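Student: Please take a close look at how one part packs against its surroundings, and then carry the same approach on to a contact elsewhere. Keep the terms explicit.

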Amino acid sequence: MREKIVNLIHAKKGDASEKPFNETALLLFRYQFDRNAVYRRFCLSQGKDPDAVRSWEEIPPLPVMAFKLAEIACRPLREALRVFQSSGTTGREKSRHALFDLGLSKEAILTNFGRHLIPEGKRIRMAILTPSSEAAPDSSLSHMMEVVRHGFGTGESRYYIEAGRLHSERLATDLSRLREPIVLLGTSFSFVHFIDFLQAQARPLSLPEGSRLMDTGGFKGKSREIPREKLSALYMEYLGLLPENCINEYGMAEMTSQFYDGIAGEKGPRAYLAPPQLRTRILHPETLKPVRKGEIGLLAHYDLANIDSVMAILTEDLGRETEGGFLLFGRTSGSPPKGCSITLDDLLQTEARGQ
Amino acid sequence: MKGYYLSALHIEERQEEKQGIPLATPLLSASGLVEISSHLIEAQKKLAAESIFQIVDWIDAVARCWADPNDSIRQEAESLLPRITGDSLEMVRFTLNDLSKHLTRPVLLQLLEAEIGDPTLLDQFRQKPKGVGFTRAFGPRLTAHILPGNLGGTALFSLVCSLLAKSASLAKVSREEFLLPVLFARSLEKIRPDLAQSLAVLTWENSAIDLTRALFQKADLAVIYGGEKTLEALRKEIPPTTRALFHGHRLSLGVIARESIQKELAEQAATDIALYDQRGCLSPHLYYVEAGGLNTPIEFAQLLAQSLYVSSYQLPKGTTSSEEAAQIQQLRGTLPLKGGKVFPSPSGVDWTVLYDPDPPFSVSPLARTIWIKPVEDLSEIPAHLEAIRPYLQAVGMAVPQERQTEVVLSLARLGVNRICAIGKMQNPPLTWHHDGRFRLLDLLRFVDWENT
């Protein structure tokens, strides 16, 4: 089964037909149903078991919140090589996702990152605006950064966040001395922070041709959020990067594979594109039945690289299908209800004040 | 139609469309708002010269119009509100009937008497019952209202209290709940066009902070409703010479003793949940249900689900947002994994009862989603509420008489400001101390004349 998943990960565009995905998904479903007691309980509560499921679309997606409440793993946690945590905003507990197969995770991350950020396939210098995976062992993003640095980065590649601080001065200096192209990697928020610094110093940069940038989510719980168009304009103004060289990644600590909204250097409409081992269903928020084509719904991801946890995950993210992929319509997690209520962020602040 | 109310002044408009309804919204600038404020302050002189009883009659006349199914403004409300707020027609009718009941002459006089004793204190200097000389109450010349986006009724009461205080009002309403205050202002105008000139109901973006700032500069008093972030942002904009009253979001719940668990109670609880689809600050998020009685807490959860089913016909639910539905689905799917039990509506997310043995208070995603948490003894409850202490509002209580004093006292000490029967949570009297304060008295200033 693992081999089938690896084959899928490496499948070329067009090769990834329905059949191998479906077969592998059904095998994996049976494996996870048998080994993962929490998931099994969930499936049974939904009236689903492997004998009754004929197609991957019938596999019940586990709500992502479950990662906060229970161990979602097919193997004993003491065998885990990494345990990623994310502090979502819809609950006090942290989400925990254990990784047992570093090799598979590496394949999934590198193959897809390469397709979208390094289409020419050559090593390139990287400036990474996250903590290193040593400093943040429970961050899935730092893990991903370490994998891509190792897989595609040159020796001068480095991290620019240390002890929770972004070294803007050092980054600006390094970037201003560049002669060769670079890849900038980080959360959208870390880039906003860096651009604030460049703005304050009136020090716009112009990165060498062939440079590119990958940003990802990362506004969660932050005090301000910047719309995509504005961010693109800032990347252009302060880094000299054209929009086609700036790619957005969408991933979750609970998933092993990632989506990217384009290929560096290629113009064209943006949409989050899945690698062959990953498929997405768009479900009606009230019924959890598939929406009609073109309607907005909840995203349920089926990530076959999630071999030892749960492949099928129901998110709180809203999206709409588009040519070859989907568009995101906000991540609802933590959004305040329209009634008279408080978000958990407020509640956590109260508790923090009380302590 | 006009998506705002402003009489006697002309302002530029933008034509928009909301749920297929063509809507004129105001194009405002800070200087424009200053001009409107000055006009309202001028118009307030007329209102101030009116006797309090005439003002009460004026509001009473509006209430009567709203109670009449043939009234043209009521008909407009019935046809437009469901489309704009997403509420069902039944809910809109309930809201209109309920509002008209609360704004009648006897109810308004009751409020005046409860809060200031002698209503004529608003009209003339009166001998102080104790102490030296005379006293008289004055309202602000201009009150700035930043009204809530969740419930039209709360917004109206805020405006009504300002009218009773003889204050001009400039209200900023939300884009979701603009219609009820606008229609209310139009009804007022229909009866007393001269006095309605002291009222403006407008809308602008929250981000246009210079407009809000300009308004706060001109107002004597600001009454502000909103979530934590709104209050935090607006607090900074209040000039030192403007008084401000803040109404943040609140949380309500229910408490049920083991002796009281029964079918009728579940029906009453379902009414509290169904009304306004839980959007009010008096809507329960959760019931603590005491174990050890003839019926168990989980049986109560089941009874409640049945009652919510009935309510879904009596008071059909309005639209549920994708965000609400997303959160409800997460809870429905995961609660059984941690030992809870879900009693969902048979289709969609019409209602959800979440039985959860984990006792700390949980915030509901609303839209008819209710937590049921068992406790061994009612005395455990205050400890579970400690984390939400500053947000506590109302508690619906079903506890036998002889145990009430203790329960009431512990809840009151914690910060709850209203304790009532289950089934009555959405019907507070106008004299309820909203957020624990005086609704009318807090708006007034008293002038003492020591003439001896």
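Tutor: In this predicted model, helix α7 of chain A covers residues 168–176, and its buried residues are A:Ser168, A:Leu171, A:Ala172, A:Thr173, A:Asp174 and A:Leu175. Buried means under 20% relative accessible area, with a 1.4 Å probe and protein chains only; helices are DSSP runs of H or I of at least four residues, strands runs of E of at least two. These residues of α7(A) pack against strands β4 (125–129), β5 (158–159), β7 (165–166) and β8 (182–187) and against helix α8 (188–200) of chain A.

In chain B, an automatic or database assignment gives domain 1 (5–249) and domain 2 (251–421). Their C-alpha centres lie 33 Å apart. The contact (heavy atoms within 4.5 Å) takes 13 residues from domain 1 and 14 from domain 2 of chain B. About 1200 Å² is buried between the two domains of chain B, 56% of it from carbon and sulfur atoms; this is accessible area lost on putting the parts together, 1.4 Å probe, summed over both. On the domain 1 side of chain B, B:Met91, B:Phe94 and B:Leu151 lose the most area, together 38% of what that side buries.

Two salt bridges (Lys or Arg side-chain nitrogen within 4 Å of an Asp or Glu carboxyl oxygen) link domain 1 and domain 2 of chain B. Helix α4 (residues 89–102) of chain B gives the most to the domain 1 side of this contact, with five residues.

Residues are numbered from 1 along each chain, and chains are lettered from A in the order written. Local features need pLDDT of at least 70, and side-chain values use heavy atoms, without hydrogens and water.

Methods:
This is a predicted model: local features need pLDDT of at least 70, side-chain atom pairs count only at pLDDT 80 or more; totals for chains, interfaces and linings use all residues. Buried means under 20% relative accessible area, exposed over 50%, partly exposed in between (1.4 Å probe, protein chains only).
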